[in-house]
Amino acid sequence: MAFTPENHQFIKVMAKASGRTMTEFTNLVIEAYRREHPEIMEQAQNFLDTINSGAFSSLLGGNSND
């Protein structure tokens, strides 16, 4: 995983200031975002489930009987 220089600096400074590792701080930020926006993950998962089910294969020129 790569971060922009600005985000890397933010993570580095905020982790140190909060007494955490960069990984711990990054995971806390992601966890907070997930908790605040559970609908985004649900929508994305539903979308991927639909794609993986083959529902769009006819649109892509495939045959659902393959």
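Helix α1 has 14 residues, and at 1.5 Å a residue they should span 20 Å; the end C-alpha atoms of α1 are in fact 20 Å apart, so expectation and model agree. The model here is a predicted one, and α1 is a good place to start reading it.

**Leaving α1**

Just after α1 comes Gly19, and its phi is positive, near 75°. A little further on, the loop between α1 and α2 holds Thr21. Is Thr21 buried or exposed? Thr21 is partly exposed, with a relative accessible area of 41%. Thr21 and Ile11 are 10 residues apart along the chain, and their C-alpha atoms are separated by 9.1 Å.

**How the helices meet**

Two helix contacts can be set side by side.

| Helices | Residues | Angle | Axis distance |
|---|---|---|---|
| α1 and α2 | 5–18 and 22–36 | about 100° | 8 Å apart |
| α2 and α3 | 22–36 and 38–52 | roughly 80° | within 4 Å |

Start with α1 and α2, which pack at an angle of about 100°. That angle makes α1 roughly perpendicular to α2. Helix α1 brings His8, Phe10, Ile11, Lys12, Met14, Ala15 and Ser18 to the contact, while α2 offers Met22, Phe25 and Thr26. Sorted by class, this contact of α1 with α2 has six nonpolar, three polar and one charged residues.

Now follow the chain to α2 and α3, whose axes cross at roughly 80°. These two helices are therefore roughly perpendicular to each other. On the α2 side the contact is made by Tyr33, Arg34, Arg35 and Glu36, and on the α3 side by Pro38, Glu39 and Ile40. By class, the contact of α2 with α3 has three nonpolar, no polar and four charged residues.

**A pair of rings**

Two residues from the contact of α1 with α2, Phe10 and Phe25, deserve another look. A pair of aromatic rings is described by how far apart the centres are and by the angle of the planes. How many aromatic pairs are there? The count comes to one aromatic pair. Phe10 and Phe25 form an edge-to-face pair, at 5.9 Å centre to centre and with 65° between the planes. The pair links distant parts of the chain, as Phe10 sits in helix α1 and Phe25 in helix α2, 15 residues apart.

How exposed are these two partners? Phe10 is partly exposed, with a relative accessible area of 46%. Phe25, with a relative accessible area of 12%, is buried, because it falls under 20%.

Definitions and conventions: Residues numbered from 1 in each chain as written. Predicted model: local features only at pLDDT ≥ 70, side-chain atom pairs only at ≥ 80, totals over all residues. Heavy atoms only, no water. Axes fitted to C-alpha atoms, helices over the stretch in contact; angles between N-to-C directions. Parallel < 35°, antiparallel > 145°, perpendicular 65-115°, else oblique. Contact = heavy atoms within 4.5 Å. Nonpolar A, V, L, I, M, F, W, Y, C, P; charged D, E, K, R; others polar. Expected span 1.5 Å × (residues − 1). Phe/Tyr/Trp six-rings, centres within 6.5 Å; stacked < 30°, edge-to-face > 60°. Buried < 20%, exposed > 50% of the residue type's maximum accessible area, 1.4 Å probe, protein only.
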